[in-house]
Amino acid sequence: MKKHGFWHLVAEHDLYEMVEKSGYGEREFVAFQKRRLRNSIISMLGAVLPAIILSPWLSFLALLFFVVTWRHEYKKEKKEFQDSLYEKQLSWFVFQRLVVTYLKGPNDSIFEAFKNVLDRLEPGEFKDNLHRLSVKMTMQPNEVKPFIQFAEEAAGGTDESLTFMTALFNFKNHSYDSTVIDGLSERARNEMRRGIKDIRKMKEKSFYLFPTKLTMLNVIPMFGFMAGVAVNVFTNNMNI
C-alpha cells in the first residue's frame with residue numbers, strides 16, 4: 001500500500017521499504033526524516049561565514065550543503081541497511097541448511113526442527129524472530145502469515161525467503177512428501193552459493209573503489225582554490 005504525506009513525498013522510492021524490512025514502521029520513518037531535515041538545515045549554516053567574509057554570492061552554497069547532506073543521510077542509511085541485510089542473509093543460509101537437515105531426519109516435524117535450530121543458533125535478532133514464529137505457529141496453526149512475517153523480518157523479505165517459508169508452511173499443513181524437502185535442500189544449496197557470491201562481489205566493489213575515493217579527495221582542495229579565485233576575480237570586476 002502506497003503511503004501518503006509530506007515525509008513520504010520527499011523520501012526516495014525505496015526508503016520506507018528499507019525501514020520496514022529493518023523491522024521498523026511509520027514512527028521510525030518519520031523520526032528519521034525529521035532528523036535528516038534538521039541535519040540538512042544545520043549544514044546550511046556552513047555557507048554563512050563564506051558569504052559574509054568573501055561574497056554574498058557564496059550564499060548559494062547553503063542550497064548545495066542542504067542537498068549534499070540530505071543525500072548523504074539517505075546513502076548512509078542505505079549502506080547500514082545493506083550491511084544488515086548481508087548479516088541476515090548469512091544467518092538465513094545457516095537456518096535453511098539446518099532446517100532441511102533436521103526435516104530429512106527420522107522426525108520430520110517442523111516444530112521439532114525449529115526447536116533444534118533454536119538450540120544451535122547464537123542469541124540475537126534472528127533467533128528472536130524464529131522463536132516468535134514458533135509461538136505464532138502454535139497460536140495460528142493454519143495461517144501462512146507468521147511464515148511470511150518471519151521471511152520479511154529475518155531475511156529482508158527476499159523472493160527466495162518468501163518462497164522457502166511458503167513451501168515449509170505447505171509441507172507442514174498439506175503434505176509430508178519427502179521430495180518437497182529434497183527440493184528445498186537443493187534450493188537452499190543453490191541460494192547459498194548465489195548469495196555468498198553476491199556478497200563477495202559487493203565487498204570487493206567497495207574495496208576496489210577505495211583508491212578512487214582517495215584520488216577524488218585530492219581534487220576537492222583544487223576545486224576550492226579555483227572557486228576562490230573565480231569569486232575574487234568576479235567581485236573585483238563588479239567593483240570596477
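**Exercises on a predicted model**

**Exercise 1.** Identify the residues with the most contacts inside the largest nonpolar core, and the helices that build this core.

*Solution.* Step 1: the largest nonpolar core has 29 residues; such a core is a set of buried Ala, Val, Leu, Ile, Met, Phe, Trp, Tyr and Cys residues joined through side-chain atoms within 4.5 Å. Buried means under 20% relative accessible area, exposed over 50%, and partly exposed in between (1.4 Å probe, protein chains only). Step 2: Trp 92, Phe 95, Phe 114, Leu 130, Phe 150, Met 165 and Leu 168 have the most contacts inside this core. Step 3: two or more residues come from each of helices H5 (61–103), H6 (110–120), H7 (125–139), H8 (145–155) and H9 (159–173), and H5 gives the most, seven residues. Helices (H or I, at least four residues) are DSSP runs, numbered from the N terminus.

The model is predicted: local features need pLDDT of at least 70, side-chain atom pairs count only at pLDDT 80 or more, and totals for chains, interfaces and linings use all residues. Residues are numbered from 1 along each chain as its sequence is written, and side-chain values use heavy atoms, with hydrogens and water left out.

**Exercise 2.** Classify Ala 31 as buried, partly exposed or exposed.

*Solution.* Step 1: Ala 31 lies in helix H3. Step 2: its relative accessibility is 38%, so Ala 31 counts as partly exposed.

**Exercise 3.** Determine which helix has the highest mean pLDDT and which the lowest.

*Solution.* Step 1: pLDDT is the predictor's confidence in each residue, from 0 to 100. Step 2: among the elements, H3 (residues 26–44) has the highest mean, 93, and H10 (residues 178–239) the lowest, 58.
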